[in-house]
Amino acid sequence: MKNKTFCQSCSMPLDSEDLLGTEKNGAKNHEYCKYCYQDGSFINPAMTLDEMKELVKTQMQKMKMDSGLISRAVNTLPTLKRWKKEKVMA
Ligand SMILES: [Zn+2]
């Protein structure tokens with residue numbers, strides 16, 4: 001479980017090459033998953049942190065994950081690279 005990386009947008013574990021996002025030149029991006037980042041840009045660039053929280057929560061609930069795990073994942077989101085620099089929006 002060492003060196004486990006997580007998508008810096010949605011906190012999904014990037015434990016398989018298949019899950020990695022891609023750059024314009026086809027190279028893998030090791031910071032974001034393919035659901036967040038493809039061809040060198042975010043799939044949904046206008047998404048806000050709150051929207052991502054909702055999405056992650058909904059997805060994890062669908063997968064019947066433990067509520068403790070869900071809240072931990074949601075609480076991790078603001079510390080991820082994509083969201084850290086985002087200014088708080090009203
Ligand atoms: Zn992601």
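Here are legends for a few close-up views of this predicted model.

**View 1. Helices α1 and α2 pack against each other.**
Helix α1 covers residues 49–62 and helix α2 covers residues 67–76. Their axes sit 10 Å apart and meet at an angle of about 155°. Anything over 145 degrees counts as roughly antiparallel, so that's the label for α1 and α2. As for handedness, α1 passes α2 in a right-handed crossing.

**View 2. A look at the residues between α1 and α2.**
On the α1 side, the contact is made by K53, V56, K57, M60 and Q61. On the α2 side, L69, I70, A73 and V74 do the job. Sorted by class, the α1 contact with α2 comes out as six nonpolar, one polar and two charged residues.

**View 3. The largest nonpolar core, with M52 in it.**
Nine residues make up this core: C7, C10, L14, Y32, C33, C36, Y37, M52 and L77. Zoom in on M52 and, setting aside residues up to four places away in sequence, you'll find it touching C10, M47 and L77. Of these partners, C10 and L77 are also listed in the core.

**View 4. G40, in the loop between β3 and β4.**
The flanking strands are β3 (37–38) and β4 (41–42). G40 has 13 other C-beta atoms within 10 Å, so it rates as partly exposed. Skip its neighbours within four places in sequence, and G40 is in contact with E23 and K24. K81 is 41 residues from G40 along the sequence, and their C-alpha atoms are 16 Å apart in space.

How values were computed: Residues numbered from 1 in each chain as written. Predicted model: local features only at pLDDT ≥ 70, side-chain atom pairs only at ≥ 80, totals over all residues. Axes fitted to C-alpha atoms, helices over the stretch in contact; angles between N-to-C directions. Helix = DSSP H or I, 4+ residues; strand = E, 2+ residues; numbered from the N terminus. Parallel < 35°, antiparallel > 145°, perpendicular 65-115°, else oblique. Left-handed = near helix turned anticlockwise from the far one by under 90°. Contact = placed C-beta atoms within 7 Å. Nonpolar A, V, L, I, M, F, W, Y, C, P; charged D, E, K, R; others polar. Core = buried A, V, L, I, M, F, W, Y, C linked by C-beta atoms within 7 Å. Buried ≥ 20, exposed ≤ 12 C-beta atoms within 10 Å, placed from the backbone.
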